Amino acid sequence: MSKVVKEVLAANQGYAASFGDKGKLPMPPGRHFAILTCMDARLDPAKYAGLAEGDAHVVRNAGGRASDDAIRSLIISYKLLGTREWFVVHHTDCGMETFSDEVMRKLLRSSLEAASIDASGWHDTGSGDGSAEGEHISWLTIPNQEQSVLEDVLRIRHHPLVPGTIPIYGYIYDVKSGKLIEVPKATEAGRVR
Ligand SMILES: [Zn+2]
């Protein structure tokens, strides 16, 4: 068993030992909202947004982007599980700012080993065959945080399966301070119609 697996299982034993009455929580989020945010390890939505188990849906992916799959989750979140307000939260110093589709595709064509980054950008130093399969994925990179929040709020707002009654709020989480900073034009774009 790997070190990480041992650590995770040990932590879980402690968690389960003090689980209390959380086993009685209902499935629908008690506070009726959802957050779409980045998978970045420095972001803990439960802490930055004050969530306890059972409070809210948190949808995460690289960048916190409004991908087709993120939208699938949000639609299930309101249609079947009753969320009524949504946040899109991107963040400062996001890894998605460090590359483009073109860069990622080239790295993956070169090898399947982990790439490294230096002042001049990403480099593939791996050996072995890569794959051209990366050409078929839109990597949803982030050239500009405020713009990406606005684009994602707009995409969700105008999605034909999203009702106009759900407000969508746009924020950037600052990894240096822990603060959520509103992107006013995104929240404006996400207002109830
Ligand atoms: Zn990120």
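Residues count as buried under 20% relative accessible area, as exposed over 50%, and as partly exposed in between. The legends below describe a predicted model.

**Figure 1. Overall architecture of the protein chain.** The predicted chain contains 6 helices and 7 strands. Their succession along the sequence is α-β-α-β-α-β-α-β-β-α-β-β-α. The C-alpha atoms occupy a box of roughly 50 × 45 × 35 Å along the principal axes. Of the 193 residues in the protein chain, 37% are buried. Among contacts with a separation of 6 or more, 63% are made by residues 24 or more positions apart.

**Figure 2. The open sheet of 5 strands.** The strand order is β2-β1-β3-β6-β7, and the pairing is mixed. Strands β2 (57–61) and β7 (180–182) form the edges, each pairing on one side only. From one strand to the next, the twist averages 25 degrees. Strands of a sheet pair through backbone hydrogen bonds, either parallel or antiparallel. Strands β1 and β3 run parallel and are joined by 5 bridges. Strand β3 (residues 85–91) also runs parallel to strand β6 (residues 168–173), with 6 bridges between these two strands. Strand β3 is largely enclosed by the rest of the structure, because 5 of its 7 residues are buried.

**Figure 3. Cross-strand partners of β3, and the helices packed on the sheet.** Phe87 has Tyr169 as its bridge partner in β6, and Ile35 stands opposite Phe87 in β3. His91 stands opposite Tyr173 in β6. Strand β3 thus appears here with its 6 bridges to β6. Helix α3 (residues 68–79) packs on the sheet and touches β1 (33–38), β2 and β3. The direction of α3 makes about 175 degrees with that of β2. Helix α5 (residues 145–157) also packs on the sheet, where it touches β1, β3 and β6. The direction of α5 makes about 155 degrees with that of β3.

**Figure 4. Helix α5 and its surroundings.** The 13 residues of α5 reach 18 Å from the first C-alpha to the last, close to the 18 Å expected at 1.5 Å a residue. Its buried residues are Gln145, Ser148, Val149, Leu150, Asp152, Val153, Ile156 and Arg157. The elements that cover these buried residues include β1, α3, β3, β6 and α6 (184–189).

**Figure 5. Thr141 in the loop that precedes α5.** Thr141 lies in the loop between β5 (121–123) and α5. Its relative accessibility is 17%, so Thr141 counts as buried. Apart from neighbours within four places in sequence, Thr141 contacts Arg65, Met96, Phe99, Ser100 and Asp101.

**Figure 6. The zinc site.** The protein donors of the zinc ion are the SG atom of Cys38, the NE2 atom of His91 and the SG atom of Cys94. These donors lie 2.0 to 2.3 Å from the ion. In sequence, the donor residues are spaced C-x52-H-x2-C. His91 has a relative accessible area of 1% and is therefore buried. Cys94 is likewise buried, with a relative accessible area of 4%. His91 also stands opposite Tyr173 in β6.

**Figure 7. The aromatic pair of Tyr15 and Phe19.** The structure holds 6 aromatic pairs. In one of them, the ring centres of Tyr15 and Phe19 are 5.6 Å apart. Their planes meet at 70 degrees, so the pair is edge-to-face. The cut-off for this class is an angle over 60 degrees. Tyr15 counts as partly exposed because its relative accessibility is 37%. Phe19 is partly exposed as well, with a relative accessible area of 30%.

**Figure 8. The aromatic cluster that includes Phe87.** The rings of Phe87 and Tyr171 have centres 6.0 Å apart, and their planes stand at 45 degrees, so this pair is tilted. The pair links distant parts of the chain, as Phe87 belongs to strand β3 and Tyr171 to strand β6, 84 residues apart. Phe87 has a relative accessible area of 23%, so this residue is partly exposed. Ring pairs join Phe33, Phe87, Tyr169 and Tyr171 into a cluster. Within this cluster, Tyr169 is also the bridge partner of Phe87 in β6.

Conventions: Residues are numbered from 1 along each chain as its sequence is written. This is a predicted model: local features need pLDDT of at least 70, side-chain atom pairs count only at pLDDT 80 or more; totals for chains, interfaces and linings use all residues. Side-chain values use heavy atoms; hydrogens and water are left out. Two strands pair if DSSP finds at least two bridges between them. Helices (H or I, at least four residues) and strands (E, at least two) are DSSP runs, numbered from the N terminus. Axes are lines fitted to C-alpha atoms, for helices over the stretch in contact, and angles run from 0 to 180 degrees between N-to-C directions. Contact means heavy atoms within 4.5 Å. Donors are N, O and S atoms within 2.8 Å of the metal (3.2 Å for Na, K and Ca); water is not among the atoms, so sites may look incomplete. Buried means under 20% relative accessible area, exposed over 50%, partly exposed in between (1.4 Å probe, protein chains only). Rings of Phe, Tyr and Trp (its six-membered ring) pair if their centres lie within 6.5 Å; planes under 30 degrees apart count as stacked, over 60 as edge-to-face and the rest as tilted. The expected span of a helix is 1.5 Å times one less than its number of residues.
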